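Trainee: I should like to take a close look at a single part of this model. Please describe one loop residue and its surroundings in connected prose.

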Amino acid sequence: MSTASAPDSSTDDEEPVVMVVDDEERIPEAFAIWLGDDYEVRSATSGEEALEKMDGDVDVVLLDRHMPGLSGDEVLERIRDADYDCRVAMVTGVDPDFDIVEMEFDDYLTKPVGRDDLLSVVDRLLSLGEYDRVVTEYFAASKKRAVLESQKPRSALEESDEYDQLLADLEEYERELDALLADLDPEEYETLFYELLDE
């Protein structure tokens, strides 16, 4: 890592991380060029290499299905089993069949994939991940408020700096949720709604 004094290093540290996994080397290379201006891109040309490079910093995985050795389907399963907090899009020449119903991916792109489509999918998946984070924080803060309001007299709540901060946090989460929901289409909104009901 560069030192903090280098102006670009701080922004680099905040860039979302996208992992591109495909055994055709030209594809990770092309995707890295397309995504490199906005994201930190990691490339892997096998399932084994992808899992070696995988860690909690990865936000989005673009994953081919058919690869020698460990297939994309197996890599996806291992990523989910390890509970990595990331979104996964299958980017593949394999036409989808009914087997995808049981697969825990977030999007499915059939090759060839153009630059605009790829950027759009990565942006959307990052928005969904951010939505999950804000919803989790919002519900946790809501629960804390409910517990305090059921246990503490109004006078104590009004005198508490911690309670005031909790209310301010809730307002900020609501603003973030409104902004994120504005970027989702109705189908995505419905999907997120049912995901929340299942949790």
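Mentor: Asp64 is buried, with a relative accessible area of 4%; buried means under 20% relative accessible area, exposed over 50% and partly exposed in between, with a 1.4 Å probe and protein chains only. This is a predicted model, in which local features need pLDDT of at least 70 and side-chain atom pairs count only at pLDDT 80 or more, while totals for chains, interfaces and linings use all residues. Residues are numbered from 1 along each chain as its sequence is written, and side-chain values use heavy atoms, with hydrogens and water left out.

Asp64 belongs to the loop between strand 3 (58-63) and helix 4 (72-81); helices (H or I, at least four residues) and strands (E, at least two) are DSSP runs, numbered from the N terminus. Setting aside neighbours within four places in sequence, Asp64 has contacts (heavy atoms within 4.5 Å) with residues including Val21, Asp22, Met90 and Lys111.

Val21 and Met90 also appear, with Val61, Leu63 and Val88, among the residues with the most contacts inside the largest nonpolar core, which has 20 residues. Such a core is a set of buried Ala, Val, Leu, Ile, Met, Phe, Trp, Tyr and Cys residues joined through side-chain atoms within 4.5 Å. Strand 1 (17-21), strand 3, helix 4 and strand 4 (87-92) each give two or more residues to this core. A second, separate core of 18 residues includes Phe31, Leu62, Ala89 and Leu128. Beyond four places in sequence, the contacts of Val88 include Val61, Leu63, Leu76 and Phe105.
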